[in-house]
Amino acid sequence: MSALIKARKAVGLAVGCGARSLTQLAELPELHQMMRQTCRDYADRELAPIAAQLDKSHTFPAKQVCELGAMGVMAVEVPESLGGAGMDYLAYSLAIEELSRGCASTGVIASVNNSLYLGPVLKFGSEEQKQQWIPPFTTGEKVGCFALSEPGNGSDAGAASTVARQDGGEWVLNGTKAWITNCWDASASVVFATTDKSLKHKGISAFLVPMPHPGLSLGKKEDKLGIRASSTANIILEDCRVPLGNLLGERGMGFKIAMQTLDSGRIGIASQALGIAQAALDCAADYAHKRTAFGAPIAKMQAIQFKLADMAVALESARLLTWKASMLRDAKKPFSKEAAMAKLAASEAATFCSHQAIQVLGGMGYVTDMPAERHYRDARITEIYEGTSEIQRLVIANQVLKEYQQ
Amino acid sequence: MAARVLVGVKRVIDYAVKIRVKPDNTGVVTDGVKHSMNPFCEIAVEEAVRLKEKKLVKEVVAVSCGPQQVQETIRTALAMGADRGIHVEVSGKDYDTLGPLQVSKILAALAKKEEASLVILGKQAIDDDCNQTGQMTAALLDWPQGTFASEVTIDGDKIKVIREIDGGLETIKINMPAVVTADLRLNTPRYATLPNIMKAKKKKIASVKPGELGVDLTSRLEVLRVEEPAQRQAGVKVETVEDLVGKLKEAGRI
C-alpha cells in the first residue's frame, strides 16, 4: 500500500512542473518560435547547401561557426554580460535541433561548445575564471572542448588514469584523453584528471587548459563514419603545466562536474539527434511524393505510409521528452532522468528514422546524391557519445528505482 | 540627421512553398501555408537598420497592413533592428482586395502622421509582383522617388540612389523627404541575433485602423479568375541547324 502512495507521489512530482510548462509542450512561446525560425532559416540557407561538401572534405565550418557566434547561438545560455544570448535551455535545444537538421557536424560543434565547455565554466567557475574563459568563446571565433574519455575508459569515467600533481605554483598533467570532439579546432579544454588516486572517483579534478599549450599535443584526426566536419582526436598531456588558478571548482569535484555537465550535454545531443531524424523524415516524405512506382507516387502505398508514421511518432515522442527535460532544467528542477530518457529516445529515433529513410529511398538512399546516407552515418554516433544508450538506461533505471525505494 | 524612416513590410507566402490554386479558382491556398516577410522587404529593413547604425537616421518604424498574423512579420523587423512597429488592421474581404493603391494611401498617411523623412519599401512583393506601391506612395506624397535601388547614400538632406535599370546603372540625387524601393543587390539582410529577438519582445507595436488614417479601402480591381500557368510541354530535339530554323519558321516564330 505504502509503495503505491510513494509511486503516486513520484508521478505527482514528475507531472507538476507547472501549467506554463505544459502549455509550452503544446505550443512554443512566441520568443522561442522566432528564434527557432531564425535558426531554421540559417540552417536551410547556409548549412544545408554545404553539408555534403563539409562531410566529404572533413572541413571545419569556421565561417559558419563565426556567423552563428554573431547570432548568439554558440553561447545561448551564457548571460549577455559575458557575451552570450542569455536565453534558456529550451531555446538552446531548439537551436541545436535546427542547426543539426541542416548539418549534424555543425550541430555537435555548437553543442559541445555550449554544453560541455561553457556549461561547466559557467556553473563551477570563479568570477575571474568566467571572465577569462567565457567571453572569447561566445563569438564563434574560438570553440572549446571537453576531455573526459580516455583510451582505457569511456563509460567507466570514474577510472581516470590521467593524473595531475601539484608542483610549486602549477598543476602538472600527464595522460591521454580520447575521442575529444572539436579538439583540432579548439582554443581551450576542460580536462579531467586524477589528483588523489586513493579517493577513486572522488579524487578526480577538472582543469582549464588553453590550446595550443606546451605539453599538450593532439593525436591524428579520427576518420569517422559521420559528423566528419567536426574534428575528433586524442589529447596527449606530457608534463603539461597550468597555473594553480586553472583548477575548476574544488579539488576532488571533477567527477561531480563531469556528471552534471553531461546531464545537460545530453539535452544538446538529444537535440542534435532530433535534427538528424527530422532531416531524414523530410527527405523520405519528400521523396515519397515524387517517386512513382506501380503507376502512382509511392506515398500512396501503405508500406511507405506506415514507415513515415513510425518515423514521425518516434521523432515527436523524443522531441517532447527533450523539451520536457529542457523545461525542467530551466525551472531548476531535477532533470537527470528526463535528460537521459531524451538522449536515449532521440538517438534511437535518429538511427531508426535515418535507417527507414534509406529504405524509402531505395537505391537512391545508398548514394551520395541524396542526403539520406549522410543522415544514416551522422545518426549512429548519437547512441554512443555523451553516454552510451546502455549508460542512459542505467541512469534511468537508477532514478526509477529510487522513486520506488523500499 | 533624418528623424524617422518608415519601412513597409509585407507578409507573403514563403518563397520556397509550392503555390496551389484554390479549387474554385478565386485565389491561391493560404491556409496552413508557411508565410514569411517578403524578401525585398527584408532588404528594405536591413537598409533602414544600417542607416540607423551609421547614425544617419534616428528611428526606424516598421509598418504592415493586414490581419493579426502580420504582427509576426513586424516582430521579425523589430528583431532585425527596427525600433517600433505599426500594425494597420485590415482583415476579411478588405484584406483579400488589399492592393498597392490602398497600401500606398495608408503609407502616405502614416508618413505624414509620423513625420517620416524617408520611406523605404521593397521594390515589389513576390506574391503579386505589382511593383507599384513605392511609386504610388511617392506620387500621393508628392515626394521624389528612387526605385530599384542597389545603393543608397544619404548626403545631408539629399539622397544619392544608384538604380538598376535595363540599360545598366543610373545614379540620381533626390531631395528628402523621399521614397526609396529596394532591389535585390542593395544588401544582404542579417539573420536576427538571439539577443535582438529577445529585445524585440519589448518593442512596441501600435495598432491603427485605416479609417483613423482617413483611408478608403475600396478596391478598383476585381479578380475574375486565378489559374495555374499552362503545363510545360515536352520539347522536340532536332539534328541540324537547318532543321531548327525550319521548325521555328513552321511555328511562325521567325
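**Exercise 1. Find where A:Pro212 lies in chain A of this predicted model, and state the form of the peptide bond that leads into it.**

Step 1. In this predicted model, A:Pro212 belongs to the loop that runs between strand E5 (204-210) and strand E6 (216-218) of chain A.

Step 2. The peptide bond from A:Met211 to A:Pro212 is cis, and its omega is near -5°.

Step 3. Chain B also offers a case to look up, for the bond from B:Met176 to B:Pro177 is cis with omega near 0°, and B:Pro177 sits in the loop between strand E9 (168-175) and strand E10 (178-182) of that chain.

**Exercise 2. Locate A:Ile227 and A:Glu386, describe the phi of each, and decide whether each is buried or exposed.**

Step 1. A:Ile227 is placed in the loop between E6 and strand E7 (232-243) of chain A, and although this residue is not a glycine, its phi is positive, at about 35°.

Step 2. A:Ile227 counts as buried because its relative accessibility is 2%, where the cut-off for buried is under 20%.

Step 3. A:Glu386 is placed in the loop between helix H11 (372-380) and helix H12 (389-403) of chain A, and this residue, not a glycine either, has a positive phi of about 55°.

Step 4. With a relative accessibility of 10%, A:Glu386 therefore counts as buried.

**Exercise 3. Describe how chain A and chain B meet, beginning with the residues in contact and ending with the helices involved.**

Step 1. On the side of chain A there are 20 residues in contact with 15 residues of chain B.

Step 2. Between the two chains an area of about 1500 Å² is buried, and carbon and sulfur atoms give 66% of that area; within chain A, the residues that lose the most area to chain B are A:Leu31, A:Met34 and A:Met71, which together make up 35% of what that side buries.

Step 3. The count of salt bridges between chain A and chain B is 1, and the side chains of A:Glu30 and B:Arg75 meet in a salt bridge at 3.2 Å, N to O.

Step 4. Helix H3 (30-57) and helix H4 (62-71) of chain A each supply at least two residues of the side that touches chain B, and the largest share of that side, 10 residues, comes from H3(A).

**Exercise 4. Place B:Val241 in its helix and in its surface patch.**

Step 1. B:Val241 is found in helix H7 (residues 241-250) of chain B, and this residue counts as exposed because its relative accessibility is 59%, the cut-off for exposed being over 50%.

Step 2. B:Val241 helps to make a nonpolar surface patch of about 600 Å², whose members include B:Val236, B:Leu244 and B:Ile254.

Technical notes:
Residues are numbered from 1 along each chain as its sequence is written. Chains are lettered from A and ligands numbered from 1 in the order in which they are written. This is a predicted model: local features need pLDDT of at least 70, side-chain atom pairs count only at pLDDT 80 or more; totals for chains, interfaces and linings use all residues. Side-chain values use heavy atoms; hydrogens and water are left out. Patches are made of residues with over 30% relative accessible area and no salt bridge: like charges are joined within 9 Å, nonpolar side chains (Val, Leu, Ile, Met, Phe, Trp, Tyr) within 5 Å. Accessible areas come from the Shrake-Rupley method with a 1.4 Å probe; for residues, only the protein chains shown count as cover. A salt bridge is a side-chain nitrogen of Lys or Arg within 4 Å of a carboxyl oxygen of Asp or Glu. Helices (H or I, at least four residues) and strands (E, at least two) are DSSP runs, numbered from the N terminus. Buried means under 20% relative accessible area, exposed over 50%, partly exposed in between (1.4 Å probe, protein chains only). Contact means heavy atoms within 4.5 Å. Buried area is the accessible area (1.4 Å probe) that two parts lose on being put together, summed over both.
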